[in-house]
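The following report walks through one protein model, moving between its charged pairs, its sheets and its aromatic rings. Keep the sequence and the 3D view at hand while reading.

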Amino acid sequence: QVSLPGMFASQLGDLVTTVTILNDGDGVGPYNLKTYYEKIFAEDLKQSDRFGTAVDVDSIAGMMIVGSEWASALDPNGNVIEKVGAAYIFKKTSGMWSQSSVLDPGDEFLINGGRIGQSVAINKPYGRDDVTALVSAPGQAKVF
């Protein structure tokens, strides 16, 4: 049960509206349409990565980008750098999402606490076969 106090204006100030949503568990929504849900995970996900901080979907291209601003990365010497960030690209095939690639900041943006992936966008321009992804963090952005 969900209570939404003050949903409608009242001169008395104490009108309360209660909305009750019942789930019969059959997975069929209104108009007899089947409802599907899927939980998205990155293949190398750690609990502290803040996966899902930013999400963008291009439904026409069937692509999704998910930011993970606290993901760690390795520098060229193999040392772990914390909270560098990353973005994950997912492709929808036959109604199911699957990870297709990982966008990391690259050596030029590889700084501790860089948090790339805090903001993301994905778009398939009209008439082209490629997809453009924008991944950014405070003070930096990278186009893939």
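## Charged pairs

Asp130 and Arg128 form a salt bridge in which the closest N and O atoms are 2.6 Å apart. This distance, like every other value in this report, comes from a predicted model. Asp130 is partly exposed, with a relative accessible area of 35%, and Arg128 is likewise partly exposed, with a relative accessible area of 41%.

How many salt bridges does the count come to? The count comes to three, and they are set out in the table below.

| Salt bridge | Closest N to O distance |
|---|---|
| Asp130 and Arg128 | 2.6 Å |
| Glu69 and Arg115 | 3.3 Å |
| Glu69 and Arg50 | 3.6 Å |

Glu69 meets Arg50 in a salt bridge of 3.6 Å, taken from N to O. This pair links distant parts of the chain, since Glu69 lies in the loop between β4 (63-68) and β5 (73-74), while Arg50 lies in the loop between β2 (16-19) and β3, 19 residues apart. Is Glu69 buried or exposed? Glu69 counts as buried because its relative accessibility is 2%, and buried means under 20%. Arg50, by contrast, is partly exposed, with a relative accessible area of 40%.

Glu69 also forms a salt bridge with Arg115, and here the closest N and O atoms are 3.3 Å apart. Glu69 lies in the loop between β4 and β5 and Arg115 in the loop between β8 and β9, so this pair ties together parts of the chain that are 46 residues apart in sequence. Arg115 counts as partly exposed, at 29% relative accessibility. Taken together, Arg50, Glu69 and Arg115 are linked in a network of salt bridges.

## The two open sheets

Four strands form an open sheet, and their order across the sheet is β3-β4-β7-β8, with antiparallel pairing. The edge strands of this sheet are β3 (51-58) and β8 (96-103), each of which pairs on one side only. From one strand to the next, the twist averages 25°. Within the sheet, strand β7 (residues 86-93) is joined to β8 by seven bridges, and these two strands run antiparallel. To follow one pairing in the 3D view, look for Lys91, whose bridge partner in β8 is Ser98.

An open sheet of three strands has the order β9-β10-β11, and its pairing is antiparallel. Why is one side of β9 left without a neighbour in the sheet? Strands β9 (119-123) and β11 (140-143) stand at the edges, each with a single partner strand, so one side of each has no neighbour in the sheet. Neighbouring strands of this sheet are turned by 10° against each other on average, with direction ignored. Four bridges join strand β10 (residues 132-137) to β11, and the two run antiparallel. Leu134 stands opposite Val143, which belongs to β11.

## Aromatic rings

The count of aromatic pairs comes to two. Phe51 and Tyr88 form an edge-to-face pair, with 5.6 Å from centre to centre and 70° between the planes. This pair links distant parts of the chain, because Phe51 lies in strand β3 and Tyr88 in strand β7, 37 residues apart. Phe51 is partly exposed, with a relative accessible area of 22%, whereas Tyr88 is buried, with a relative accessible area of 1%.

Phe51 and Phe90 form an aromatic pair that is edge-to-face as well, with 6.3 Å from centre to centre and 70° between the planes. Phe51 lies in strand β3 and Phe90 in strand β7, so the pair ties together parts that are 39 residues apart in sequence. Phe90 counts as buried, at 2% relative accessibility. Phe51, Tyr88 and Phe90 form one aromatic cluster.

## A residue of strand β8

Gln99 is found in strand β8, and at 18% relative accessibility Gln99 counts as buried. A polar atom of its side chain lies 2.8 Å from the backbone nitrogen of Glu43. Which residues is Gln99 in contact with, leaving aside its neighbours within four places in sequence? They are Phe41, Ala42, Glu43, Tyr88, Ile89 and Phe90. Two of these names have appeared before, for Tyr88 and Phe90 belong to the aromatic cluster with Phe51.

How values were computed
Residues are numbered from 1 along each chain as its sequence is written. This is a predicted model: local features need pLDDT of at least 70, side-chain atom pairs count only at pLDDT 80 or more; totals for chains, interfaces and linings use all residues. Side-chain values use heavy atoms; hydrogens and water are left out. Two strands pair if DSSP finds at least two bridges between them. Axes are lines fitted to C-alpha atoms, for helices over the stretch in contact, and angles run from 0 to 180 degrees between N-to-C directions. A salt bridge is a side-chain nitrogen of Lys or Arg within 4 Å of a carboxyl oxygen of Asp or Glu. Buried means under 20% relative accessible area, exposed over 50%, partly exposed in between (1.4 Å probe, protein chains only). A polar contact is a pair of N or O atoms within 3.5 Å; within protein, one must be able to donate a hydrogen and the other to accept it, and residues adjacent in sequence count only if both atoms are side-chain atoms. Contact means heavy atoms within 4.5 Å. Rings of Phe, Tyr and Trp (its six-membered ring) pair if their centres lie within 6.5 Å; planes under 30 degrees apart count as stacked, over 60 as edge-to-face and the rest as tilted.
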